[in-house]
Amino acid sequence: DRREQLLDQCTKTFQDIVMPLENEISSAKKEKLELKQRIEGQKQELEKTDQERKLLQMKIQTIQSEGQEVSAQLKQLEKHNENIEKNLRDNLQSKKEEIQRLEKARDDLDQQLLQEVQKRSAYEREVLLLKKEINRAVSYTHLTLPTIYSVQISVDAVSLKKKYLDSPYIQF
């Protein structure tokens with residue numbers, strides 16, 4: 001009996017000691033499995049983060065390279081703009097000089113035209129006076145039968161041609 005008691009007591013002690021330990025071991029195994037899964041998940045996240053970091057580094061390098069290209073293109077454009085501005089300034093200066101030359105030529109022509117107009121005005125006054133003198137009615141009744149009509153003869157071209165042959169305004 002004593003043995004049975006001892007056995008019962010040992011079994012009870014075993015159950016009191018071992019069973020909680022088995023439960024703890026089982027819980028520890030579950031925790032270990034959960035930790036392994038969490039560690040695996042964190043490893044995957046870390047790998048994903050590392051891949052994203054590498055991708056971002058590649059993008060940064062690409063952007064830096066493109067930035068260098070853009071910077072070189074910008075320098076070329078600035079140089080091109082400087083050349084364009086210089087050409088425009090040169091063209092503007094030559095156009096100003098051309099305008100001044102043309103304005104002087106226009107002023108000279110205006111002066112010549114004014115002188116010619118004054119000469120023409122004098123010629124025209126003289127022509128008008130000559131026309132008034134020349135355009136008088138002449139009767140030819142002594143050469144024809146008697147009539148009540150009179151005849152006018154214009155001799156402008158003959159008279160004026162002799163007097164104003166060199167005038168650029170009077171053409172025959």
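Biologist: In this predicted model, which side chains meet in a salt bridge at 2.5 Å, N to O, with E98 as a partner?

Modeller: The partner is R101, whose side chain meets that of E98 in a salt bridge with an N to O distance of 2.5 Å. To read such a pair, one asks whether a side-chain nitrogen of Lys or Arg comes within 4 Å of a carboxyl oxygen of Asp or Glu, and the distance for R101 and E98, 2.5 Å, falls within that cut-off.

Biologist: How many residues apart are R101 and E98 in helix α1?

Modeller: They are 3 residues apart in helix α1, which means that about one helical turn separates R101 from E98.

Biologist: Are R101 and E98 buried or exposed?

Modeller: Neither word fits, because the intermediate class runs between 20% and 50% relative accessible area. R101 is partly exposed at 47%, and E98 is likewise partly exposed, with a relative accessible area of 33%.

Biologist: What is the N to O distance of the salt bridge between D50 and R53, and how are these two residues placed in helix α1?

Modeller: The side chains of D50 and R53 meet at 2.5 Å, N to O, and the two residues, being 3 apart in helix α1, are separated by about one helical turn. Relative accessibility is 27% for D50, which counts as partly exposed, and 40% for R53, which is also classed as partly exposed. This pair does not stand by itself, since D50, R53 and K54 are linked in a network of salt bridges.

Biologist: Which residue meets D107 in a salt bridge?

Modeller: The side chain of R106 meets that of D107, with an N to O distance of 3.5 Å. D107 has a relative accessible area of 42% and is partly exposed, while R106, at 47% relative accessibility, counts as partly exposed too. The structure holds 7 salt bridges, among them the one between D107 and R106.

Biologist: Turning to nonpolar side chains, which residues make a nonpolar surface patch?

Modeller: I17, L21 and I25 make a nonpolar surface patch of about 280 Å². A residue needs over 30% relative accessible area to be part of such a patch, and I17 meets this because its relative accessible area is 48%, a value that leaves it partly exposed. I17 lies in helix α1, which spans residues 2–134.

Biologist: How many helices and strands does the protein have, and what share of its residues is buried?

Modeller: There are 2 helices and 0 strands, and buried residues make up 4% of the 172 residues. The accessible surface comes to about 16300 Å², with 55% of that area belonging to carbon and sulfur atoms. Among contacts between residues at least 6 apart in sequence, 48% join residues at least 24 apart.

Biologist: What is the mean pLDDT of the protein?

Modeller: The mean pLDDT is 81, and 77% of the residues reach 70 or more. Over residues 155–165, however, the pLDDT is below 50, although this stretch has 19 contacts in the model beyond near neighbours in sequence. Where pLDDT is low, predicted coordinates should not be read in detail.

Methods:
Residues numbered from 1 in each chain as written. Predicted model: local features only at pLDDT ≥ 70, side-chain atom pairs only at ≥ 80, totals over all residues. Heavy atoms only, no water. Patch = residues over 30% accessible without salt bridge, like charges linked within 9 Å, V, L, I, M, F, W, Y side chains within 5 Å. Areas by Shrake-Rupley, 256 points an atom, 1.4 Å probe, with all protein chains shown as cover. Helix = DSSP H or I, 4+ residues; strand = E, 2+ residues; numbered from the N terminus. Buried < 20%, exposed > 50% of the residue type's maximum accessible area, 1.4 Å probe, protein only. Contact = heavy atoms within 4.5 Å. pLDDT = per-residue confidence, 0-100.
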